[in-house]
Amino acid sequence: MAEYPDSNRASADDSSKQLIEESNRCVACGLCLPHCPTYRLLQSEADSPRGRIALIHGVATKRIPLNEQFVQHLDRCLSCRACESVCPNHVAYGYLADEARKIIRIAAASQPQVRQTDAFQSRLLTTRLSAWVTQPARLERLRGWLYLLQKSGAIHLFRKVNFWNRNLVDKILRQLPPIVFPRMKTNKKRFFPPAWQAFYPATGEEKGTVGLFLGCIARITDAETLNAAIFVLNRIGYSVRIPTGQTCCGALYQHTGEPEKAAQLMRHNRAAFAGSGIRAIITTASGCGVQLTESDTGGVMVCDISKFLMDAVDWDTITIKPLAKTITVHDPCSLRHVLHDAVYPYRLLKLIPDAQVIALANNDQCCGAAGTYFIRQPALADRLLDDKIKALNQSGAQLLVTSNVGCSMHMASGLRAIGSDVEVLHPVTLLARQMGMQ
Ligand code: SF4
Ligand code: SF4
């Protein structure tokens, strides 16, 4: 596994030295090339991991200029880290790409030709969007309005009206799944129920307490998964704490050249979960899981829900209803290439009697969602999505399961667009349904 230098603690000179040292570790063997989605699609060395590392080294050592081509080749990278997971020399590619984007951001402040590139401008737009979505309180207020817009059908109007940036608004709204509200202790019906409770007690014999990480977008668009996680954890004996002070994981900033802002968000999260007496911070989105795992959480373990559940209980003692369906499993890059925990969703789903659990073909290739990639590089993202939909159709599955909210929204929007009735959901949601969650 690649070791990551701590760029946030390094001075500018040390940062540059670290970057050059790390890029020097690439021996240009090319073993990563067949695993790189952009190299597969574009067949260009500059859009391969080896080519990008050579470009980063060239810019860091000032042998080549930081120009439009450099910005574009870096922007086309999905940060999927498939290259890193197969590199025999354990080159920390993710670190190199994030540092290169930081260099681009700094250069853009003084170089108009860099600032004006399409790639930089689209990144800037998504960074501004990030500033908006990384504020959970705002998003919590948005839930009810989005629900109303969806129920009334007015959301379709927003997709058609050219009031700001029609393509962008359409792209985002197209991904929006049906809005679901947080679980509540009481069955009392309310108009616009409140946000998440701070504590969900275990039912039955208590085994411990865990913290649940909500994320930013996921707390709105993937409440069904978060509800399912609470249901299953409570049912097997774990109380769930949801500190109100938690915020976005910072991944959006980390990959857009602003690691300082990502570190700032992480400080909030560390403070929110500190001293809450939890055994682990549970994540239901593997993208957030990577960012938390690679940050300082103050010594609290971070664990993907599927992995935690497999180790948490003797499943022979839990009643799970059978489901005679074919379930195809998509491996998010973050779970497969970075956390190396892709095996756990399969193990979890195999607990469901009669379920036929199979892997989606070409699971080593990114689906194209990749944070804000689907907005910034729509042509490439759509080609990657098409590959996934073809593979899914060939599998004959009725359900597509994935452990990352971004992948889930991206693939579900692609399936909706072709009128497919394949449901896309998180493994813990399926398990919770089979355990009796209403
Ligand atoms: S596999 Fe590693 S060492 Fe080989 S070209 Fe790719 S990044 Fe460089
Ligand atoms: S992170 Fe993914 S897209 Fe970027 S160079 Fe590596 S394999 Fe290619």
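The following paragraphs describe the fold, the sheets, the domains and the ligand surroundings of a predicted model.

The protein chain contains 23 helices and nine strands. Its radius of gyration is 22 Å, close to the 22 Å that the globule rule gives for 438 residues, so the chain is as compact as a globular protein of that length. Taken along the principal axes, the box filled by the C-alpha atoms of the protein chain is roughly 65 × 50 × 40 Å. Buried residues make up 46% of the 438 residues of the protein chain. Among contacts in the protein chain with a separation of 6 or more, 76% link residues that are 24 or more positions apart.

The domain assignment of the protein chain gives domain 1, residues 7-116, and domain 2, residues 318-434. A distance of 29 Å separates the C-alpha centres of domain 1 and domain 2. The two domains touch: 13 residues of domain 1 are in contact with 13 residues of domain 2. On the side of domain 1 that touches domain 2, helices α2, α4 (68-76) and α5 each supply at least two residues. By class, that side of domain 1 consists of five nonpolar, four polar and four charged residues.

Two ligands are present in the model, and the shell of each was examined. Around ligand 1 there are 14 residues, of which C26, C29, C32, R50 and C87 come nearest. Helix α3 gives the most to the shell around ligand 1, with three residues. The classes in the shell around ligand 1 are eleven nonpolar, two polar and one charged. Ligand 2 is likewise surrounded by 14 residues, and those that come nearest are C36, P49, C77, C80 and C83. The elements that contribute two or more residues to the shell around ligand 2 are α2 (37-42), α3 (49-60) and α5 (82-86). In the shell around ligand 2, nine residues are nonpolar, three are polar and two are charged. Helix α3 thus appears in the shell around ligand 1 and in the shell around ligand 2. Helices α2 and α5, which give residues to the shell around ligand 2, also supply residues to the side of domain 1 that touches domain 2.

Another residue examined was E99, which is found in helix α6, residues 93-110. E99 counts as buried because it has 24 C-beta neighbours inside 10 Å, where 20 or more are required. In sequence, E99 and Q18 are 81 residues apart, while their C-alpha atoms are 9.9 Å apart in space.

Five strands form an open sheet with mixed pairing, in the order β1-β3-β2-β4-β5. Strands β1 (199-200) and β5 stand at the edges, each with a single partner strand, so one side of each is left without a neighbour in the sheet. Within this sheet, β2 runs parallel to β3 (residues 238-241), and four bridges join the two. In this pairing V210 stands opposite V240 in β3. Strand β2 also pairs with β4 in the parallel sense, over three bridges. Here the bridge partner of F213 is T283 in β4.

Helix α16 (residues 286-293) is mostly covered, with eight of its eight residues buried. These buried residues are S286, G287, C288, G289, V290, Q291, L292 and T293. The cover over the buried residues of α16 includes strands β2 (208-213), β4 (281-283) and β5 (302-304), together with helices α14 (251-254), α18 (333-338) and α22 (405-417). Strands β2, β4 and β5 in this cover are also members of the five-stranded open sheet.

Further strand pairing involves β6, β7 and β8. Strand β6 (residues 326-329) pairs with β7 (residues 356-359) over four bridges in the parallel sense. The bridge partner of T326 in β7 is Q356. Strand β6 also runs parallel to β8 (residues 399-401), to which three bridges join it. In this second pairing of β6, I327 stands opposite L399 in β8.

Conventions: Residues are numbered from 1 along each chain as its sequence is written. Chains are lettered from A and ligands numbered from 1 in the order in which they are written. This is a predicted model: local features need pLDDT of at least 70, side-chain atom pairs count only at pLDDT 80 or more; totals for chains, interfaces and linings use all residues. Two strands pair if DSSP finds at least two bridges between them. A residue is near a molecule or strand if its C-beta atom, placed from the backbone, lies within 6 Å of it. Ala, Val, Leu, Ile, Met, Phe, Trp, Tyr, Cys and Pro count as nonpolar, Asp, Glu, Lys and Arg as charged, and the others, Gly among them, as polar. The radius of gyration is taken over C-alpha atoms; the globule rule is 2.2 Å times the number of residues to the power 0.38. A residue is buried if 20 or more other C-beta atoms lie within 10 Å of its own, exposed if 12 or fewer, and partly exposed in between; C-beta atoms are placed from the backbone. Two residues are in contact if their C-beta atoms, placed from the backbone, lie within 7 Å. Domain bounds come from an automatic or database domain assignment.
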